[in-house]
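Biologist: Got a minute to go through this model with me? Put it on screen and we'll start with the helices.

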Amino acid sequence: MNGTAQAVADYAAAWPDPPSGIDVVLCPPWAYLDRLASALRGRGVRFGVQTTAIESAGAFTGEQAAEMARDLGAEFAIVGHSERRRLYAETDAVVAAKLLAAQRAGLTPIVCVGETLEDRRSGNAAGVVLAQLDAVDAGAGTSAWEDAVIAYEPVWAIGTGETATPAQAQEMHVVIRDYLAGRRSALGETTRILYGGSVNAANANDLFAQADVDGGLVGGASLDALEFCRICCTAVRHSVC
């Protein structure tokens with residue numbers, strides 16, 4: 001929840017078109033989606049939203065439907081971000097329903113999973129992530145993974161400045177990829193798995209060098225157009241995204 005109309009204008013003015021060969025998606029606050037999309041259309045970027053309602057329309061004051069996002073030019077929707085789970089009590093069942101809502105509207109869901117610091121310290125990090133994946137699989141069906149992106153975001157590294165080591169990121173990405181392969185072998189090969197957790201231009205190189213890290217879900221660093229573009233350039237060097 002960042003930005004003003006002036007900030008959007010400044011961001012667009014500072015935006016250096018990213019290098020070709022990668023997919024770049026910006027997910028601004030809903031209020032600025034149309035404004036940012038209009039300003040940067042044709043500039044090497046696609047658009048998404050940070051969350052979506054489950055319903056397509058109706059008496060749900062304050063909500064925004066996936067169909068509305070699609071109407072404004074969005075192609076992606078983040079679902080299950082750790083802040084939505086923690087601050088707004090979004091359960092695994094809600095995450096599964098939002099995944100289906102995004103796909104119903106023609107959006108590609110970016111499904112977030114990740115463990116807390118307590119989970120990791122107790123040795124249950126993989127168990128928590130697998131349980132989150134299982135819940136979505138049970139609620140949405142294995143076929144829902146065919147048009148979805150997964151983002152591993154260790155909760156303890158979100159907005160804290162802490163980052164999972166490249167080895168920790170790789171280890172969990174293998175867990176996720178193996179899980180998908182167990183559901184359907186091709187899913188393990190084709191599904192993009194992003195790392196999210198204080199990604200910035202300084203650590204992106206080491207993270208993207210990992211074999212199973214297919215890109216980044218970038219948070220605070222994306223608020224600076226030049227910083228974000230430097231991360232994009234790093235992605236190109238590693239042929240990820």
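Biologist: In which hand does H7 pass H8?

Modeller: The crossing of H7 and H8 is right-handed (near helix turned clockwise from the far one by less than a right angle; anticlockwise would be left-handed). Helices here are DSSP runs of H or I, at least four residues, numbered from the N terminus. This is a predicted model: local features need pLDDT of at least 70, side-chain atom pairs count only at pLDDT 80 or more, and totals for chains, interfaces and linings use all residues. Residues are numbered from 1 along each chain as its sequence is written, and side-chain values use heavy atoms, with hydrogens and water left out.

Biologist: At what angle do the axes of H7 and H8 cross?

Modeller: Roughly 35°, and the axes come within 10 Å. Axes are lines fitted to C-alpha atoms over the stretch in contact, with angles from 0 to 180 degrees between N-to-C directions. H7 covers residues 125–140 and H8 covers 166–183.

Biologist: Which residues meet there?

Modeller: From H7, Ala125, Ala126, Val129, Leu130, Leu133, Asp134 and Asp137. From H8, Met172, Val175, Ile176, Tyr179 and Arg183. Contact means heavy atoms within 4.5 Å.

Biologist: And how many are nonpolar, polar or charged?

Modeller: The contact of H7 with H8 has 9 nonpolar, no polar and 3 charged residues. Ala, Val, Leu, Ile, Met, Phe, Trp, Tyr, Cys and Pro count as nonpolar, Asp, Glu, Lys and Arg as charged, the others, Gly among them, as polar.

Biologist: New topic. Where is Asp212?

Modeller: In the loop between H10 (204–208) and H11 (225–237).

Biologist: Is Asp212 buried or exposed?

Modeller: Buried, because its relative accessibility is 15%. Buried is under 20% relative accessible area, exposed over 50%, partly exposed in between (1.4 Å probe, protein chains only).

Biologist: What does the Asp212 side chain join up with?

Modeller: The side chain of Gln170, in a polar contact of 2.7 Å. Beyond four places in sequence, Asp212 also touches other residues, including His173 and Arg177.

Biologist: Now aromatics. How many pairs?

Modeller: The whole structure has 3 aromatic pairs. Tyr11 and Trp15 are stacked, because their planes are at 25° and their centres 6.0 Å apart. Rings of Phe, Tyr and Trp (its six-membered ring) pair if centres lie within 6.5 Å; planes under 30 degrees apart are stacked, over 60 edge-to-face, the rest tilted.

Biologist: Which residues make up the cluster?

Modeller: Ring pairs link Tyr11, Trp15 and Phe228. Tyr11 is buried at 12%, and Trp15 is buried at 3%.

Methods: Helix = DSSP H or I, 4+ residues; strand = E, 2+ residues; numbered from the N terminus. Polar contact = N/O pair within 3.5 Å; in protein donor to acceptor, adjacent residues only side chain to side chain.
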